[in-house]
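Let's take a walk through this protein together. Keep the 3D view open and turn it as you read.

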Amino acid sequence: MDAQKHVTNFGAGPAKLPHSVLLEAQKELLDYKGLGISVLEMSHRTSDFSKIIRTAENLLRELLNIPDNYKVIFLQGGGSGQFSAVPLNLIGLKEARIADYVVTGGWSAKAAKEAEKYAKVNLVHPKLSSYTKVPDPSAWNLNPDASYVYYCANETVHGVEFDFVPDVGKAVLVCDMSSNFLSRPVDVSKFGVIFAGAQKNIGTAGVTAVIVREDLLGFTLKECPIALDYKTQSENASLYNTPPCFSVYIMGLVLEWIKNNGGVVAMDKLSQTKSQMIYDIIDNSNGFYVCPVERKNRSRMNVPFRIGSIKGDEALEKKFLDKAVEYNMISLKGHRSVGGIRASLYNALTIEDVQKLSAHMKSFMEMHQS
């Protein structure tokens, strides 16, 4: 690839990283802060790595204003690992071993299915015929004996995002925030557990940030793998076993970048601006572009759309994607389960990146709209 060519990655994850973060990692790849070794070679037992992991935790606490009675741990296994970890750690909170799941897309559906191995899963609303909205909470059937209530804040595949935090009373609220983490302010005190795979908004694949309230520790089922045990990992400062060291390092750099660029409030404003640029084109295209998601639940992180009709014209969509590659824009193809186009607009995507996509959408529509 031509070293001067700027390629914009609209992928759903692993996603684009801030350019300054890549430059910093490049500089320290061969010699980390004068130690004479690569950051990739650093032992997790050294004081230098302990400083890296503490810095990442402190930055995360600062950015989200995490209360003191919450633990922050960094685990392996991705978001999917937490589909198991959540019930293994929390289902023991109540004897009934019931868990409430709000299923609004592919990822929450997978989480619910995984939880069935360890708990009786209560789907709080009837199965949706298609994932295009968040069902009205007034119709949810929450079980008072449930150990926790689980939902996914943003579904990357279907482009459905919650614009509110569910009110579940005194129940323990668990949220998968993998794909909109640090894109908007969050009141952590409303949650029992928040988790987020790093590879979308806060770093590279390999590490998952978990925020867990202290009083929820110690209820782990005996069959829980120790690497997924929140209490054990918390007591060992995420160092019970060798953590994904390089991924933690990159995450720290990204968290610092977010802080230096205005924090979560600034990311929130940027995500609104970027997503609105794309949705405006869709809504003003007279049906040439179609987003299947109800407006109030449209994701600001993952914008899915079809070309030509709600079912899509595959030939036109292929032309659109091919032309995008010519313009150095990649990973715009929709998830294999739904097809179409999907633009993921995570924190590292700049206004200029999105303007580039907007220009392509406008010119393509002008050329092909009948």
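How many aromatic pairs does a search of the whole structure find? The count comes to 15 aromatic pairs, and keep in mind that you're looking at a predicted model. A pair of aromatic rings is described by the distance of the centres and the angle of the planes. Let's try that out on two examples.

Start with tyrosine 151 and phenylalanine 162. Their ring centres sit 4.6 Å apart and their planes make an angle of 55 degrees, so this pair is tilted. To count as edge-to-face, the planes would have to be over 60 degrees apart. Where do the two partners sit? Tyrosine 151 belongs to strand S5 (residues 146-152), while phenylalanine 162 is in the loop between S7 and strand S8 (173-176), so the pair ties together parts that are eleven residues apart in sequence. Both tyrosine 151 and phenylalanine 162 are buried.

Now go to phenylalanine 305 and phenylalanine 320. Here the centres are 6.0 Å apart and the planes stand at 90 degrees, so this pair is edge-to-face. It links distant parts of the chain, with phenylalanine 305 in strand S12 (residues 302-307) and phenylalanine 320 in helix H8 (residues 314-326), 15 residues apart. Phenylalanine 305 and phenylalanine 320 are buried too. They also have company: Phe288, Tyr289, Phe305, Phe320 and Phe364 form one aromatic cluster.

Two names from that cluster come back when you look at the nonpolar interior. The largest nonpolar core has 83 residues, and Tyr289 and Phe320 are among those with the most contacts inside it, along with Leu60, Leu64, Phe181 and Leu182. Which helix gives the largest share of this core? That's helix H6 (residues 245-260), with ten residues. Zoom in on leucine 64 for a sense of the packing: setting aside neighbours within four places in sequence, leucine 64 is in contact with Phe181, Leu182, Val186, Val188, Ile211 and Val264. There's also a second, separate core of 33 residues, which includes Leu75, Tyr101, Val172 and Val174.

Ile211, one of the contacts of leucine 64, is a handy signpost to our next stop, strand S10 (residues 208-213). Five of the six residues of S10 are buried, so this strand is largely enclosed by the rest of the structure. Strand S2 (residues 70-75) runs antiparallel to S10, and six bridges join them. Find valine 72 and you'll see it standing opposite isoleucine 211 in S10. Strand S9 (residues 193-197) also pairs with S10 in the antiparallel sense, over five bridges. In that pairing, alanine 196 stands opposite alanine 209 in S10. While you're here, a bit of background helps: in a regular strand the side chains alternate between the two faces of the sheet.

Another strand residue worth a look is valine 160, in strand S7 (residues 160-161). Is valine 160 buried or exposed? Its relative accessibility is 1%, and the cut-off for buried is under 20%, so it counts as buried. Leaving aside neighbours within four places in sequence, valine 160 is in contact with residues including Thr104, Tyr131, Ala153, Val293 and Ser299. Folding also brings together residues with very different numbers: valine 160 and arginine 298 are 138 residues apart in sequence, yet their C-alpha atoms are 5.4 Å apart in space.

Now for some helices. H3 (residues 78-90) has 13 residues, which at 1.5 Å a residue should span 18 Å; its end C-alpha atoms are 18 Å apart, so the two values agree. H3 does bend, though, by about 30 degrees at serine 84, and proline 87 follows within four residues. Eleven of the 13 residues of H3 are buried, so the helix is largely enclosed by the rest of the structure. Among the buried ones are Phe83, Ser84, Val86 and Pro87.

Finish at helix H5 (residues 230-235), where you'll find threonine 232. Threonine 232 has 14% relative accessibility, so it counts as buried. Not counting residues up to four places away in sequence, threonine 232 touches Ile226 and Tyr240. Serine 234 is in H5 as well, and at 15% relative accessibility it counts as buried. Beyond its neighbours within four places in sequence, serine 234 is in contact with Lys71, Ile73 and Leu217.

Notes:
Residues numbered from 1 in each chain as written. Predicted model: local features only at pLDDT ≥ 70, side-chain atom pairs only at ≥ 80, totals over all residues. Heavy atoms only, no water. Helix = DSSP H or I, 4+ residues; strand = E, 2+ residues; numbered from the N terminus. Expected span 1.5 Å × (residues − 1). Bend = angle between axes of the 7 residues up to and from the residue. Buried < 20%, exposed > 50% of the residue type's maximum accessible area, 1.4 Å probe, protein only. Contact = heavy atoms within 4.5 Å. Core = buried A, V, L, I, M, F, W, Y, C linked by side-chain atoms within 4.5 Å. Phe/Tyr/Trp six-rings, centres within 6.5 Å; stacked < 30°, edge-to-face > 60°. Pairing = 2+ DSSP bridges.
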